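Here is a short tour for anyone meeting this structure for the first time. Have a look at the sequence and the 3D view, then read on.

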Amino acid sequence: MILKIYSLQEGDILKKLERSFYERATLEVARDLLGKYMVHETNDGRTVGKIVEVEAYVGSIDAACHAYNNKYTNRTKVMFGKGGYAYVYLIYGMHYCMNIVTNQETYPEAVLIRALEPIEGLEIMEKRRRTESIFNLCSGPGKLCQAMGITKLQNEMDLCGESMFLLHGETIMPEDIATTPRINIDYAREAREYPWRFIIKDNPFVSKGK
């Protein structure tokens, strides 16, 4: 399926990702998400951002994950379903975080989208974020949700649908990907050191974490 994004070139870059992309091993999906284009269609208009930073979370073995030890709650239930759905939650009572459910059913795993490079709909993003600094629009999980208009209303949304979805975007070569421990999970014991944060090297739009 080819979708028209007027400010982008046509071709493979505009092919929507299918369910099979998400229903793979989470660490593999996390790396492959770099360079993909996230699209959100709202009443305000369309916003598009290139994924430049992610973190993987593997519930069964990951003390930093909400579904650690396969913990099933009303909040985490979406993680136990099919890959390719949105898991959106609120932190600090004010910031939303956008995650993509990965792997197969009964495996509670997801990838947190930590930063985007704005591609389209910058005026909409600027209005939502109340800033004209392009580098401050989507450089963090809460920022990108605000810029892209993502709230709890998008929780459990099918990313193979028509409102919010991912396009193939750009292929990032392995040598252009850096791995580090994840950010702000000091509570997670040994999981603090898992190298499950992936970023596009030298990209100026990544978050300002360590």
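First, a word on names: helices (H or I, at least four residues) and strands (E, at least two) are DSSP runs, numbered from the N terminus. This is a predicted model, where local features need pLDDT of at least 70 and side-chain atom pairs count only at pLDDT 80 or more, while totals for chains, interfaces and linings use all residues. Residues are numbered from 1 along each chain as its sequence is written, and side-chain values use heavy atoms, with hydrogens and water left out.

**Two buried spots**

Let's start with Val101, which sits in strand E4 (residues 95–101). Val101 counts as buried because its relative accessibility is 0%; buried means under 20% relative accessible area, exposed over 50%, and partly exposed in between (1.4 Å probe, protein chains only). Leaving aside residues up to four places away in sequence, Val101 touches a group of residues including Tyr22, Val78, Met79, Glu109 and Ala110. A contact here means heavy atoms within 4.5 Å. Tyr87 is another residue that Val101 touches, and the C-alpha atoms of these two, 14 residues apart along the chain, are separated by 6.5 Å.

Over in strand E2 you'll find Ala56, also buried because its relative accessibility is 0%. Among the residues Ala56 touches, again not counting those up to four places away in sequence, are Thr26, Ala30, Trp196 and Phe198. Arg182 is on that list too: Ala56 and Arg182 are 126 residues apart in sequence, yet 8.5 Å apart in space, C-alpha to C-alpha.

**Helix H2**

Which residues of helix H2 (residues 26–33) are buried? They are Thr26, Val29, Ala30 and Leu33. Seen down the axis of H2, they fall within an arc of 105°, so they line one face of the helix; the arc is that of the directions from the helix axis to the C-beta atoms. The cover over these buried residues includes helix H1 (19–22), E2 (45–58), E4, strand E5 (109–120), strand E6 (164–167) and strand E8 (197–200).

**Strands that pair**

Two strands pair if DSSP finds at least two bridges between them. E3 and E4 run antiparallel and are joined by 6 bridges, with Ile91 partnered by His95 in E4. Strand E1 (residues 37–42) also runs antiparallel to E6, with 4 bridges, and Tyr37 stands opposite Leu167. In E6, Met164 and Leu166 point one way and Phe165 and Leu167 the other, and all are buried.

**Positive phi values**

A few residues take a positive phi, and here is where they sit.

| Residue | Phi | Place |
|---|---|---|
| Gly35 | near 95° | follows H2 |
| Tyr92 | near 55° | hairpin of E3 and E4, with 3 residues between the strands |
| Glu156 | near 70° | loop between H4 and E6 |
| Arg189 | about 50° | loop between strand E7 (177–180) and E8 |

Glu156 is partly exposed, with a relative accessible area of 39%, and Arg189 counts as partly exposed at 44%.

**The largest pocket**About 690 Å³ of space lies in the largest pocket. Of the 36 residues that line this pocket, the closest to its centre are Tyr89, Ile91, Tyr92, Cys97 and Pro141. On a 1 Å grid over the protein atoms alone, a pocket is an open set of points where a 1.4 Å probe fits, with protein on both sides within 12 Å along at least five of seven lines, and lining residues have an atom within 4 Å of a point. Grid points are joined across faces, edges and corners, and the volume is the space filled by probe spheres set on the points. Helix H4 gives the largest share of the lining, 5 residues.
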